[in-house]
Amino acid sequence: MTSNAFGLIYTGETNPFLRDLALSRSVAAVPFGGRYRCIDFILSDLVNTGVTSVGLITQKNYHSLMDHLGAGKEWDLHRKREGLFMLPPFMTKENTGLYRGSVDAIRSCLGYVRRNPQQYVILSGSHTIFNMTFNDMIARHIETRANITMLYNEGEFAASEEQNLDLRLLMDSSERITEMELNPFSPRSAFRSCDVMIMDKLLLEYLVEEAYSHGDYDLTRDILLKKCQTLKIMGYRYDGYVARLDSVNDFFRHNLALLQPEVRNDLFNPAHPIYTKVKDEVSAKYGENAVVRNSMLADGCQIEGTVENSIVFRGVSVKKGAVVKNSILMQGVSIGENCMMDHVILDKGVVVREGRTLTGYDGFPIILKKGTTI
Amino acid sequence: MKKRIVAMLLAGGQGSRLGVLTSSMAKPAVPFGGKYRIIDFPLSNCVNSDIDTVGVLTQYRPLALNSYIGTGQHWDLDRMNGGVFLLPPYVTGVDGRWYTGTANAIYQNREFVDQYDPDYVLILSGDHIYKMDYGAMLRFHIEKGAVATIAVLPVPMEEAHRFGIMNTDENDHVISFEEKPKQPKSNKASMGIYIFNWRALKECMSLDDENPDSTNDFGSDIIPAFINGGQSVVAYPFKGYWKDVGTIQSLWEANMDIISTPPKLVLNDPQWRIYTRNPIMPPHYVGENASITQSLVTEGCRVEGKVHHSVLFSNVSIEAEAEVYDSVIFPGAVIRRGAKVYKAIVGENSVIGERSIIGGELRLGDSVDNSLTGTITLVGNDISIQPEAYLPQGTVATEDACGGRCYDK
């Protein structure tokens, strides 16, 4: 089906709570689920919706994102007409090249927005993971004659300690949003924005130009929060699994949640496949003494030791006698003989030499940054 | 645009000795090694050898192969100039015919090759598993000043009578060629991989085509014609793993060869990757009570039972209390709770019913036609095996034998 909407993904979010995970990469490029990156989910959602034109606004640290996405071939977005448009920052006489916020960023790619023949824009961030298509949401947007329709789900009432882009929505009985709170100290609503909204692209152009002329630069803080009364902003509820990568704890928790069949079947619903970059790794190989329980493992792994309750990315090796529990091992990690790993997050290419022991705790997993050797 | 070398891959064979596995697809499309199909090997060898123009000659049941290869993007063979081309037989105004032999298949497609005006042409077959740098073979061909070069593999002398044997002099020049000789004089077995000077091959094929007694085959007609014509034919000695997977036994063995310790064929080689069409599937999940040893498991699998010394393809499901030993389970197959599978090949999307036993001991009174399978039990594609069924070793489970096809899992 062809969709009368195009996608615009803003990947400029920064999040200090992700610590070393987002040190050398944007949040969108944070690895997730054994062979994916955060961005794969929203990108696949758009593709599965039938969207054929996606603009991707990059800000800082976008090298690993570019490397991952390439020309968009694996998402079927390598097209003659439309496809994937990378929109990196650039300098002009009125633009310093560094965006202060989403308004600046979108303003600098209004050319892309104008050129698209589709009427609606699906505007999204990149740190929220879920598997859905937006067709029904677009239909509802049109049916309710909303100015903006925002995706939300029912989350926890309490605010977490590591609050990041926690946008709470207060709605009336028709799901019209009457008030929004950003990172509230004590939230008055359990409904959280999923970082996706639909609006007419002309409205987006207008709002961005208007905010810019007032010296405002943040879409959420400066536009949405202030316009609840003047614009008709509707909520659209999503009941599937939503993983927000707000902090290291969230990252840890949502990755391990994939070990539950309900979560796995929801995020990897076969009807809506999640696309990612293909590495042509061989199958995972289990050795003579391998013991693996309740874990998810990607291709290219070589397992000789014990792995329990863990997510193991592509090309990881776990040597004989090593024990890995409740951990996340990213691509190319190597665990030497007789190591003990518990509650650790090992970023890409971490090498743990034989006999080392690392133990984190539930609520405080140890992270080793990309390329560390211990 | 001119190319130095063009590869022609013979993928038209039915592979009748693979029985039900090739009832709906040509042999090169048969799954192999956990996530590949046989044709991935020659195609990847081409790409890794910097050969970017490949004609794939199809004839028997080409649908699976056509849709598998597509534009060739998975092998990086979707090129502006060159790439992969499927070449089925065709009719012309006057006649048109099926490919009558391997050489005839190339001869009928000489115009395809001529488009690239190559100096050399590489002839490959689609039923061998091996990693080989064709570039090294081409350099050998050029150094030797040969008109034709045949890749040969040293085989144990006592097995030489099963192969096409090249008898050579000390300079690797082929003096004579014998197909399956009773008393072999050498152990250099032809691997079915040839490099020819294109112009010379064209001439030879043209003469061969006019000969009504010829079988139009490379091994039995073209190579002997080159040797007898006094042209320089050399044997290129290959070292490494090579296996013809034309039988159930050899297909099973080759799969076991990649999980042996140490593996006889190393697939995990970053310098020589084997490319394939990857399924869009999440990583595999291993359950709380699962046990997996000495096995290959790939994306989309769910393992709750026991898997030992086996190869699981994508999207295979092994339910709790099921046990799989020494087996090869093709994509999408399901082994239901409590079933036991011993030394078997289970076809694509087949379902092994609860508590059934596949590949059990022969019991008194069992009569099994195992002429194709030996001791390996074979379950065809899309077959549903009823719960508590007992299939003694060597059985071939087909639609008729085992209670209907399954479409619904």
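Visitor: How many residue pairs are in polar contact between chain A and chain B?

Guide: In this predicted model, the count is 21 residue pairs, taking those with both residues at pLDDT 80 or more.

Visitor: Which elements of chain A give two or more residues to the side that touches chain B?

Guide: Three strands of chain A do so: E14 (284-286), E15 (291-293) and E16 (295-297). By class, that side of chain A holds 15 nonpolar, ten charged and eight polar residues.

Visitor: How many salt bridges are counted between the two chains, chain A and chain B?

Guide: Four. One of them joins the side chains of Arg35(A) and Glu299(B), at 3.2 Å from N to O.

Visitor: In what sense do E14(A) and strand E16 of chain B pair?

Guide: The pairing of E14(A) with E16 (residues 295-297) of chain B is antiparallel and runs over three bridges. Within E16(B), Val297(B) is the residue opposite Ala284(A).

Visitor: How is the size of an interface often given?

Guide: As the accessible area lost when the parts come together. Here, about 2,800 Å² is buried between chain A and chain B, and carbon and sulfur atoms give 47% of that area. In terms of residues, 33 of chain A are in contact with 36 of chain B.

Visitor: How many helices and strands are there in chain A, taken alone?

Guide: Chain A has nine helices and 28 strands. Its radius of gyration is 21 Å, close to the 21 Å from the globule rule for 374 residues, so chain A is as compact as a globular protein of that length. Along the principal axes, the C-alpha atoms of chain A fill a box of roughly 65 × 50 × 40 Å.

Terms used. Residues are numbered from 1 along each chain as its sequence is written. Chains are lettered from A and ligands numbered from 1 in the order in which they are written. This is a predicted model: local features need pLDDT of at least 70, side-chain atom pairs count only at pLDDT 80 or more; totals for chains, interfaces and linings use all residues. Side-chain values use heavy atoms; hydrogens and water are left out. Contact means heavy atoms within 4.5 Å. Buried area is the accessible area (1.4 Å probe) that two parts lose on being put together, summed over both. A polar contact is a pair of N or O atoms within 3.5 Å; within protein, one must be able to donate a hydrogen and the other to accept it, and residues adjacent in sequence count only if both atoms are side-chain atoms. Helices (H or I, at least four residues) and strands (E, at least two) are DSSP runs, numbered from the N terminus. Ala, Val, Leu, Ile, Met, Phe, Trp, Tyr, Cys and Pro count as nonpolar, Asp, Glu, Lys and Arg as charged, and the others, Gly among them, as polar. Two strands pair if DSSP finds at least two bridges between them. The radius of gyration is taken over C-alpha atoms; the globule rule is 2.2 Å times the number of residues to the power 0.38.
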